[in-house]
Amino acid sequence: MKNLLLYCSLFVATINLANAQKHLENGDHVPSFTLTAQDGKEFNTADYIGKKVMVFYFYPKDESMVCTKEACAFRDSFDEFTKAGAIVIGINGGTVASHKEFAEHYKLPFILLSDPGNKVYAMFGVKNKLFMSGRETFVVDLKGKIVYSHEAMLQGKEHSDDALAFIKAANAKK
């Protein structure tokens, strides 16, 4: 019986490893995907490559404490991101309706995408933490390449601050 349990555990672990996606790193191309935003419109990455720097921030849940601080930090810096040529996109597995309520409640001026089943999370290789969806931010340049990423589960505001600082520094080098 013990051997059977061990075998089953190893089999499940092997399947999980086979299904795990590679974590995207600097220099990797942004995956092509289409998701629905809080306003019901479709967002496709291909529509923005070459036009805008994209800031994707993955967060666990609408209306939770750290996620709200993170969203409000992106909101408070939204004009600076826009002036720097960037578009901000929040992503999690919540529904379009939940994202709409969250955006209206906190007057979030940016896109929130619904990722049912966390398929885009998997494309980026964002790992779950503490039984929740992970929290990670990626900056994608005009060529569609990831040029910056930041992972910190409990420091929501840091994601906005650090992504903006990176974009401003990159713009200063041009």
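A salt bridge, as the word is used here, is a side-chain nitrogen of Lys or Arg within 4 Å of a carboxyl oxygen of Asp or Glu. Glu-80 and Lys-168 make a good place to start, since their closest N and O atoms are 2.4 Å apart and the two residues form such a bridge. This pair joins distant parts of the chain, with Glu-80 in helix 3 (residues 78-83) and Lys-168 in helix 6 (residues 156-172), 88 residues apart. Glu-80 has a relative accessible area of 34%, so it is partly exposed, and Lys-168 is partly exposed too, at 42%. Please keep in mind as you look around that this is a predicted model.

Let us step back to the whole chain. It contains six helices and seven strands, and reading along the sequence gives the pattern α-β-β-β-α-α-β-α-β-α-β-β-α. Of its 174 residues, 41% are buried. The accessible surface of the chain is about 9,700 Å², and carbon and sulfur atoms account for 60% of that surface. Contacts often reach across the sequence: taking those between residues at least 6 apart, 66% join residues at least 24 apart.

Now back to the charged pairs. Side chains of opposite charge can pair when their charged atoms come close. How many salt bridges does a search of the whole structure find? The search finds five. One of them brings together the side chains of Glu-70 and Arg-135, at 2.5 Å from N to O. Glu-70 sits in helix 2 (residues 65-76), while Arg-135 sits in the loop between helix 5 (119-124) and strand 6 (136-140), so this bridge ties together parts that are 65 residues apart in sequence. Are Glu-70 and Arg-135 buried or exposed? Both are buried. Another bridge is formed by the side chains of Asp-76 and Arg-75, with 2.9 Å between N and O. Here Asp-76 is exposed, because its relative accessibility is 56%, whereas Arg-75 is partly exposed at 27%.

Helix 2 deserves a visit of its own. At 1.5 Å a residue, its twelve residues should span 16 Å, and the C-alpha atoms at its ends are indeed 16 Å apart, so the expected and modelled spans agree. Alongside Glu-70, the buried residues of helix 2 are Val-66, Cys-67, Thr-68, Ala-71, Cys-72, Ala-73 and Phe-74. What do these buried residues pack against? Their partners are strand 3 (53-58), helix 3, strand 4 (86-92), helix 4, strand 6 and helix 6.

One of those partners, helix 4, is our next stop. Within helix 4, His-99, Phe-102 and Ala-103 are buried. These residues cover an arc of only 95° around the axis, so they lie on the same side of helix 4. Glu-101 and Glu-104 are exposed on the other side of helix 4. The cover over the buried residues of helix 4 includes helix 2, strand 4 and strand 5. Right after helix 4 comes Lys-107, which takes a positive phi of about 50°.

Phe-102 also leads us to the aromatic rings. The structure holds 18 aromatic pairs. In one of them, the ring centres of Phe-102 and Tyr-106 are 5.6 Å apart and their planes meet at 70°, so the pair is edge-to-face. The cut-off behind that label is an angle over 60 degrees. Both residues belong to helix 4 (residues 96-106), and they are four residues apart, about one turn of the helix. An α-helix has 3.6 residues a turn, so residues three or four places apart point the same way. With a relative accessibility of 0%, Phe-102 counts as buried. Elsewhere, one aromatic cluster is formed by Phe-33, Phe-43, Tyr-48, Phe-56, Phe-58, Tyr-121, Phe-124 and Phe-138.

To finish, look at two loop residues with backbone angles worth checking. Glu-63, in the loop between strand 3 and helix 2, has a positive phi of about 70° although it is not a glycine. Its relative accessibility is 40%, so Glu-63 counts as partly exposed. Asn-118 lies in the loop between strand 5 (111-114) and helix 5. Its phi is near 55°, again a positive value in a residue other than glycine, and Asn-118 is partly exposed, with a relative accessible area of 23%.

Conventions: Residues are numbered from 1 along each chain as its sequence is written. This is a predicted model: local features need pLDDT of at least 70, side-chain atom pairs count only at pLDDT 80 or more; totals for chains, interfaces and linings use all residues. Side-chain values use heavy atoms; hydrogens and water are left out. Buried means under 20% relative accessible area, exposed over 50%, partly exposed in between (1.4 Å probe, protein chains only). Rings of Phe, Tyr and Trp (its six-membered ring) pair if their centres lie within 6.5 Å; planes under 30 degrees apart count as stacked, over 60 as edge-to-face and the rest as tilted. The expected span of a helix is 1.5 Å times one less than its number of residues. Contact means heavy atoms within 4.5 Å. Accessible areas come from the Shrake-Rupley method with a 1.4 Å probe; for residues, only the protein chains shown count as cover. The arc is that of the directions from the helix axis to the C-beta atoms.
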